[in-house]
Amino acid sequence: MQILDILALFIFLAGVFIYINTYYLKLPSSVGLMILALGLSIALLILNELIPEFKLGTERILKDYDYHEVLYQLVLSFMLFAGALQIDFKKLAEERAPVLILALLGVLISTAIVGTGVHYLLDWIGLELDLMYCLVFGALISPTDPIAITSTIRKYNLSKNLETRMAGESLFNDGIAVVLALTLLDLAHSGEDHYIGPIDILWVFGTDIIGGIIIGLFLGYLGYRLLKYIDNDEVEVEVLMTLALVMAGTQLAEFTHVSAKQAVVIMGLVIGNEGKSGHVTSAAGDYVFKFWYLIEETLNAMLFVLIGLEMLIIPLRFDYFAAGLFAFIIVLFARYVSVGVPIAAMSPFRKFEKNTINVLAWGGLRGGIPIALSLSLPDFEGKDIIITMTYTVVVCSVLYQGLTVPYLMRTTFTEKKLNKS
C-alpha cells in the first residue's frame, strides 16, 4: 500500500467511527471513539489469527511507514492550534494566574509523581525502564483533553470562571507537557555522555517555552494583520493562510530549536481572539473556525483509529498491560495532587468554586495528545512499554472517567434548561 492509500484508510475509518457514534452510540466523542477503537482492535486480532496473510499485511503497513514526523509535525500542531482558536482570550486573561499556575505546576508535579511511581512500579513487576524514560511517560500522559468532556460540561451550569480555567489549563498543559516530554527525552538520550542536572533541565525547558512564545506572538500578529485585509467572502484564502501559518510556524520553531507546540498555541490564541474581537472588523471569518473545529475532530478520530491498529504490533504481554492498569491509578492520584496543591496555595488570594478540585481532577480525561505523543517517540529500548501503558491509561481514563463525569456533574451542578422557543 502507498502512503495515500493508508491515509485514505485512516480517514475512511475515522468517518465511519464518527458516523456510528453520532447516530447509534450517541456517546461523548472520545468515549464513543474509544469503544469503537477497542472493537477494531479485537476484530483485527481475530482476523490475524484466522487469516495469516492478513496479519502479515497489517504488520507491514504499520512497520514499513514511519509515522513519527507526521504525528509530531502535523497532527500535534494542528490539534493544538485548533484548540487555541476556541479559547476566549479576554476571559483567559482574567484567569491567567490560576490557569498558568495550574498548567505549569500541575504538569511538573504530575510528571514527578507519575515518573517516580511508575519507575518503582515497573521495578516491582520485574520490568526495566530507566527513570528518565519513566519521567518522559509522566510528562506525555499529563496533558488533559478538553475535547473529551466539552460537550458534557456545556450541559451543566458551571460558572464562566470554572469553564475558562478548565479549558485554559487543558490547553496550556498540552503545550507544556509536550515540551517537557521532548526535553526529558533529549536529555535521556544525551545522559549517557554526561551528567544532567536540574539546572540543565530548567534551562532547556525554559528556552524552549520562551522561544516558542516569541515565535507564536510574531506569527500570530502577522497572521492577524494579513487576515484583516482579506475579504471574509474569500474563505478559501483565509483557510489556506491559517494552514500556511501553522505549518510555517512549526518548521521555523523546529529550525530555531524552540517549542513548535507552544508557538502554535500562542498563534491560535492571537488569531482566534484578535480575529473575533469586536472593536475591529472581523479578521477571520466564521468558516475558518468551523474548518479548524472539523480538523480537530477528524484528527482526534484518526488518532483513535491509529491506536487501534498500533495494538497489532505491540507485544501482547500481560505484565505490560498490568503496568498500565497500575499506572492509571498513579496518574489519577497525581492529577488530584497536581490540581489540589496549586489550588490550596492560591485559595487565600483567589476564590475557587466548591468542588473545583474534583471537577478539574476527575474531568481531566486523557485523549488524543498522549496517544499522538507516545506514537511519535523515536525508537528506544522500552518504547513498547510506554506505548502500552499510554494506551491502557487512555482507555481507562476515557471509559471510566468519561462515563462517570456526567454523574459527578449532576451531583454538583444543575443541568441547563434548553430553550425550546
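## Exercises on a helical protein

Leucine 365 sits in the loop that runs between α15 (356–362) and α16. We'll start from there, and keep in mind that the model is predicted.

**Exercise 1.** Is leucine 365 buried or exposed, and how far in space is this residue from cysteine 396?

*Solution.*
- Step 1: look at the relative accessible area, which is 0% for leucine 365.
- Step 2: compare that with the cut-off, where buried means under 20%. Leucine 365 is therefore buried.
- Step 3: now turn to cysteine 396. The two residues are 31 apart in sequence, and their C-alpha atoms are 9.4 Å apart in space.
- Step 4: check the partner too. Cysteine 396 has 17% relative accessibility, so this residue counts as buried as well.

**Exercise 2.** Describe how α16 packs against α17, starting from the angle and the distance between their axes.

*Solution.*
- Step 1: find the two helices. α16 covers residues 368–375 and α17 covers residues 383–412.
- Step 2: get the geometry. Their axes are 10 Å apart and the packing angle is about 170 degrees.
- Step 3: turn the angle into a word. Angles over 145 degrees count as roughly antiparallel, so α16 is roughly antiparallel to α17.
- Step 4: list who touches whom. From α16 come Pro370, Ile371, Ser374 and Leu375, while α17 supplies Lys383, Ile387, Thr390 and Val394.
- Step 5: sort those contact residues by type. You get five nonpolar, two polar and one charged.

Look again at the numbering in that list. An α-helix has 3.6 residues a turn, so residues three or four places apart point the same way.

**Exercise 3.** How many residues of α16 are buried?

*Solution.*
- Step 1: go along the helix. Gly368, Ile369, Pro370 and Ile371 are among the buried residues, and so are Ala372, Leu373, Ser374 and Leu375.
- Step 2: count. Eight of the eight residues in α16 are buried, and the helix is mostly covered.
- Step 3: set this beside the whole protein, where buried residues make up 56% of the 421 residues.

**Exercise 4.** Which residues of the largest nonpolar core touch the most other members, and what does tryptophan 292 contact?

*Solution.*
- Step 1: note that this core holds 131 residues.
- Step 2: pick out the best-connected ones, which are Val118, Leu122, Phe137, Leu269 and Trp292.
- Step 3: zoom in on tryptophan 292, skipping its neighbours within four places in sequence. Its contacts are Phe78, Phe81, Ala82, Leu85, Thr242, Leu243 and Val246.
- Step 4: follow Leu85 to another residue. Glycine 272 is also in contact with Leu85, as well as with Phe289, again leaving aside neighbours within four places in sequence.
- Step 5: place glycine 272. This residue lies in helix α12 (residues 260–276), and its relative accessible area of 0% makes it buried.
- Step 6: see how far the chain travels. Glycine 272 and alanine 82 are 190 residues apart in sequence, yet 9.2 Å apart from C-alpha to C-alpha.

**Exercise 5.** What share of the contacts with a separation of 6 or more joins residues 24 or more positions apart? Use phenylalanine 321 as an example of where a residue finds its contacts.

*Solution.*
- Step 1: read off the share, which is 84%.
- Step 2: locate the example. Phenylalanine 321 is in helix α14 (residues 318–346), and is partly exposed at 23% relative accessible area.
- Step 3: list its contacts beyond four places in sequence. They are Met311, Pro315, Leu316, Thr388, Tyr391 and Thr392.
- Step 4: take one of these partners. Threonine 392 is 71 residues away along the chain, with 6.6 Å between the C-alpha atoms.

**Exercise 6.** Where do lysine 26 and histidine 257 lie, and what are their phi values?

*Solution.*
- Step 1: place lysine 26 in the loop between α1 (3–25) and α2 (29–50).
- Step 2: place histidine 257 in the loop between α11 (235–255) and α12.
- Step 3: read the angles. Phi is positive for lysine 26, about 55 degrees, although this residue is not a glycine. Histidine 257, not a glycine either, has a positive phi of about 60 degrees.
- Step 4: check accessibility, where exposed means over 50%. Lysine 26 is at 63%, so this residue is exposed, and histidine 257 is exposed at 66%.

Definitions and conventions. Residues numbered from 1 in each chain as written. Predicted model: local features only at pLDDT ≥ 70, side-chain atom pairs only at ≥ 80, totals over all residues. Heavy atoms only, no water. Axes fitted to C-alpha atoms, helices over the stretch in contact; angles between N-to-C directions. Helix = DSSP H or I, 4+ residues; strand = E, 2+ residues; numbered from the N terminus. Parallel < 35°, antiparallel > 145°, perpendicular 65-115°, else oblique. Contact = heavy atoms within 4.5 Å. Nonpolar A, V, L, I, M, F, W, Y, C, P; charged D, E, K, R; others polar. Core = buried A, V, L, I, M, F, W, Y, C linked by side-chain atoms within 4.5 Å. Buried < 20%, exposed > 50% of the residue type's maximum accessible area, 1.4 Å probe, protein only.
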